[in-house]
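Reader: Hi! I am new to reading protein structures. Could we walk through this one together, a few places at a time?

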Amino acid sequence: MTGTTERTPLVELTDVDKYYGSVRALQGVSLEVHAGEITCVLGDNGAGKSTLIKTIAGLHRHDGGTLRVAGEETRLASPRDALDRGIATVYQDLAVVPLMPVWRNFFLGSEPRKGVGPFKRMDIDLMRRTTREELLRMGIDLRDVDQPIGTLSGGERQCVAIARAVHFGAKVLVLDEPTAALGVKQSGVVLKYVAAARDEGLGVVLITHNPHHAYLVGDRFVLLRRGTMVGNHTRDEITLDELIQQMAGGSDLAALRHELQRR
């Protein structure tokens, strides 16, 4: 990726700290998110991934370090503030209404209307048509956008959420463990659409505990352990085996192997 270092990151965290009372959730965490790239954040449960998501999404303000959006230092006041700055977050539970059709979930909270005064009503035809077109543009060919979104597979629901963020003008897409509850085939489908969002020019933050999934699509890799950063690499600086070793805690694993050996 030529010239990456000369471009202003869409989002940049430098030595960010976050405390909940006396509990340290993040300490000295740095990452960059560039347009047309995927930054993967890896770590086990309790590593600090959720806190990092909430900081970028505007749910929690950081206590130390700097957060820059498009080069401007800021403290995000709320999720709406983050969204207004082009940062869309897709959480693991997706926050969909299972019994509503796909097109209704696609526009949930942002429904276009037609008519005037007391005759103003939702433009259902426009929503149906737009949903179908936007999904197709991302390569998602649903049988029927009128079907309840709860009838879709987990992978398909993730893909609808990604297409929705792209449609509504997101510049940065934060994905919270999108493949965590999926099988191999469905995970592959979701990763394909994550790559499609990258190819649309978005900067993607992919939160995951799966180094294999991360290495398939990632351009940058940030590794967290107990709230601290234990690795920050570009793709050409690390192999998959090294990524797995770092995430597993190479020295800890070696010590455990020694302890478990038969005497």
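Reader: Leaving aside its neighbours within four places in sequence, which residues is Thr-39 in contact with?

Author: Happy to help, and please keep in mind that this is a predicted model. Thr-39 sits in strand β3, which covers residues 38-42. Leaving aside neighbours within four places in sequence, its contacts are Glu-32, Val-33, Val-204, Val-205, Leu-206, Arg-220 and Val-222.

Reader: Does Thr-39 count as buried or exposed?

Author: Here the cut-off helps: buried means under 20% relative accessible area. Thr-39 has a relative accessibility of 1%, so Thr-39 counts as buried.

Reader: Where does Gln-147 lie, and is Gln-147 buried or exposed?

Author: Look at the loop between α4 (124-137) and α5 (154-167), as Gln-147 lies there. Not counting residues up to four places away in sequence, Gln-147 touches Met-100, Pro-101, Val-102 and Leu-152. Its relative accessibility is 12%, and therefore Gln-147 counts as buried.

Reader: How are α4 and α5 arranged, roughly parallel or roughly perpendicular to each other?

Author: Good one! The two helices pack with their axes 9 Å apart, at an angle of about 105 degrees. Angles of 65 to 115 degrees count as roughly perpendicular. So α4 and α5 are roughly perpendicular.

Reader: Which residues make the contact of α4 with α5, and how many are nonpolar?

Author: From α4 come Thr-130, Glu-134, Leu-135 and Arg-137, while α5 brings Val-160, Ala-163, Val-166 and His-167. Sorted by class, this contact has 2 charged residues, 2 polar and, for your answer, 4 nonpolar.

Technical notes. Residues are numbered from 1 along each chain as its sequence is written. This is a predicted model: local features need pLDDT of at least 70, side-chain atom pairs count only at pLDDT 80 or more; totals for chains, interfaces and linings use all residues. Side-chain values use heavy atoms; hydrogens and water are left out. Helices (H or I, at least four residues) and strands (E, at least two) are DSSP runs, numbered from the N terminus. Buried means under 20% relative accessible area, exposed over 50%, partly exposed in between (1.4 Å probe, protein chains only). Contact means heavy atoms within 4.5 Å. Axes are lines fitted to C-alpha atoms, for helices over the stretch in contact, and angles run from 0 to 180 degrees between N-to-C directions. Angles under 35 degrees count as roughly parallel, over 145 as roughly antiparallel, 65 to 115 as roughly perpendicular and the rest as oblique. Ala, Val, Leu, Ile, Met, Phe, Trp, Tyr, Cys and Pro count as nonpolar, Asp, Glu, Lys and Arg as charged, and the others, Gly among them, as polar.
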